[in-house]
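Work through the exercises below with the model open. Try each task before reading its solution.

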Amino acid sequence: MHIRLLPCKKIFAATITMLAAAFHATASDNEVPVFITIGQSNADGSAMYEAPIDSLMKQWYTSDANTGRMKIWYRSCEVQNQPTNALGESARWVRDGAVTDVEPGWLDLWYRNENTEGRTAMNMIHGYGTYSTCDGVDCAQGRRGMEGSFGRDFLTAMPESELYVIKLGVSGSAISSWANTLDDHNWNYFYENIFKPAISDLLASGKHPRLAGVWWMQGCADQYSDKDYYKESLVRLIDRINTDLGFPQGRIYIGHIVKPGESKVTPSGSTQYGQGVRDAQDEVAETFGQVEIVDTDDFEMQFEEPFNGYVHFSHAGVNQIGSELASRVTQRGHEKWTPFTTPGRWIHMPNGSVAFIPAIGSPEIEYHTDGDSVTAILKYPGFSETKVFTPATTE
């Protein structure tokens, strides 16, 4: 990051929280959609292989309809059990994978995990990192996530578009590890090790990201949480999404956990259903206009003997989720996707000037003063934007 400081007059000391910031980004022709997936195992994708569905997915992904312009940020990682945290919960934390099969970076979006071939739809598989020891087409290959059908349907609706997926599903993780200061390990890992490198890479390559949406699929680990606790945590997560990622007021899609007997195609529903979680999600959606609930009772689930019931969506189910999300995202369209604006903070410099410190990206920054205000011009290879500082106190 290159910074050129210009003198700043009539600015007195003020706390960071009292600094007012505004931005304006110039229009660009290189805006690209970004879609974010976060949550637990149903966000990651725990669907088992189904041959007929895989065959159809492979047919599309190997056809000319797949232009190769869809990417997903990859980092080898795995889940590790932790001692009971400060909230009295059994924590599940993500960490770097024990097997470093592929270096972090963009891989081609695919319909299953084939990371050593440079293509994937996954980021982890429980304790096995992202490495797949199975070579045949009939094996799990890292299971299946919704991004396969999402990418297919997205590109079918917008064939000239690029698409960049940023994903981290942490199996068994509670909402606290994403949205509570006593245990926010998984949010911090996602933010520092996946989101920031991915966005910074797009910015450095001359692209201007637009957030097409965030998919939050989590709740089973909080099946015993009451509504107020989950709602408070979810509100905190939404605030982090709005302020930390650089996409203020971006669209957030939240998946319901299915109630046993409520699922139209899998009546047994989820054995880890929690009414408090669903009530909290509904109330948050009523409060925040940027939030949409995705009812999952039309999506098929799979029976799993270790759980003695239905916990995860099946291959058909995750594909239904992906198609539903792609339909909502593409119907909203480019103009309603949220453009990236650099998150950061203003600080006072020893010489009396102020400087804007980006939290993401490495723009070249130029400063100008006009009376009591300071304008920072952030210049990326593909676009520029301005941040305006107004001091809390002036002469």
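**Exercise 1. The aromatic cluster**

Task: Which residues form one aromatic cluster, and how many aromatic pairs are there?

Solution. This is a predicted model. Start with the cluster: Trp178, Trp187, Phe190, Tyr191, Phe195, Trp216, Phe247 and Phe340 belong to it. Then count pairs. The count is 22 aromatic pairs.

Next, classify one pair. The ring centres of Trp178 and Trp216 are 5.8 Å apart, and their planes meet at 80 degrees. Planes over 60 degrees apart count as edge-to-face, so the Trp178–Trp216 pair is edge-to-face. Now place the two residues. Trp178 is in helix H4 (residues 176–179), and Trp216 is in strand E10 (residues 208–217). They are 38 residues apart, so the pair links distant parts of the chain.

Last, check burial. The cut-off for buried is under 20% relative accessible area. Trp178 has 0% and is buried. Trp216 has 1% and is buried.

**Exercise 2. A second ring pair**

Task: How are the rings of Trp346 and Tyr367 arranged, stacked or edge-to-face?

Solution. Take the distance: the ring centres are 6.3 Å apart. Take the angle: the planes are at 65 degrees. The pair is therefore edge-to-face. Trp346 lies in strand E16 (residues 344–348) and Tyr367 in strand E18 (residues 364–370), 21 residues apart. Both Trp346 and Tyr367 are buried.

A ring can also face a charge. The charged end of Arg119 sits over the ring of Trp110, 3.9 Å from the ring centre.

**Exercise 3. A buried acid**

Task: Which side chains make a polar contact with the side chain of Glu147?

Solution. Locate Glu147 first: it is in helix H3 (residues 147–157). Its relative accessible area is 1%, so Glu147 is buried. Now look for partners. The side chain of Thr37 makes a polar contact with that of Glu147 at 2.9 Å. The side chain of Lys167 makes another, at 2.8 Å.

Then widen the search to contacts beyond four places in sequence. Glu147 touches Thr37, Ala43, Tyr61, Leu109, Ala121, Val165 and Lys167.

**Exercise 4. Contacts across the sequence**

Task: How many residues apart in sequence are Ile199 and Ile360, and what is their C-alpha to C-alpha distance?

Solution. Ile199 is found in helix H5 (residues 185–204). Its relative accessibility is 0%, so Ile199 is buried. Ile199 and Ile360 are 161 residues apart in sequence. In space, their C-alpha atoms are 7.5 Å apart. Beyond four places in sequence, Ile199 is in contact with Val34, Ile166, Pro209, Phe247, Phe340 and Ile360. Among these, Phe247 and Phe340 also belong to the aromatic cluster.

Now step back to the whole chain. Of the contacts with a separation of 6 or more, 72% are between residues 24 or more positions apart. Buried residues make up 55% of the 395 residues. The chain holds eight helices and 20 strands.

**Exercise 5. Two helices**

Task: What span should helix H7 have at 1.5 Å a residue, and what covers its buried residues?

Solution. H7 has 13 residues (275–287). The expected span is 1.5 Å times one less than the number of residues. That gives 18 Å, and the end C-alpha atoms are 18 Å apart, which agrees. The buried residues of H7 are Gly276, Val277, Arg278, Ala280, Gln281, Val284 and Ala285. Their cover includes helix H6 (227–244), strand E11 (252–255) and strand E12 (291–294).

Repeat for H8 (residues 315–332). Its 18 residues reach 26 Å, close to the 26 Å expected. Its buried residues include Ile321, Leu325, Ala326 and Val329. Just after H8, Gly333 has a positive phi of about 85 degrees.

**Exercise 6. Positive phi outside glycine**

Task: Where are Gln249 and Asn308, and are they buried or exposed?

Solution. Recall the background: most residues other than glycine have a negative phi. Gln249 has a positive phi of about 65 degrees. Gln249 lies in the loop between H6 and E11. Its relative accessible area is 53%, so Gln249 is exposed.

For Asn308, phi is near 55 degrees, again positive. Asn308 is in the loop between strand E13 (301–304) and strand E14 (309–313). At 58% relative accessibility, Asn308 is exposed.

How values were computed. Residues are numbered from 1 along each chain as its sequence is written. This is a predicted model: local features need pLDDT of at least 70, side-chain atom pairs count only at pLDDT 80 or more; totals for chains, interfaces and linings use all residues. Side-chain values use heavy atoms; hydrogens and water are left out. Helices (H or I, at least four residues) and strands (E, at least two) are DSSP runs, numbered from the N terminus. Buried means under 20% relative accessible area, exposed over 50%, partly exposed in between (1.4 Å probe, protein chains only). Contact means heavy atoms within 4.5 Å. A polar contact is a pair of N or O atoms within 3.5 Å; within protein, one must be able to donate a hydrogen and the other to accept it, and residues adjacent in sequence count only if both atoms are side-chain atoms. Rings of Phe, Tyr and Trp (its six-membered ring) pair if their centres lie within 6.5 Å; planes under 30 degrees apart count as stacked, over 60 as edge-to-face and the rest as tilted. A charge sits over a ring if NZ of Lys or CZ of Arg is within 6 Å of the ring centre and within 35 degrees of the ring normal.
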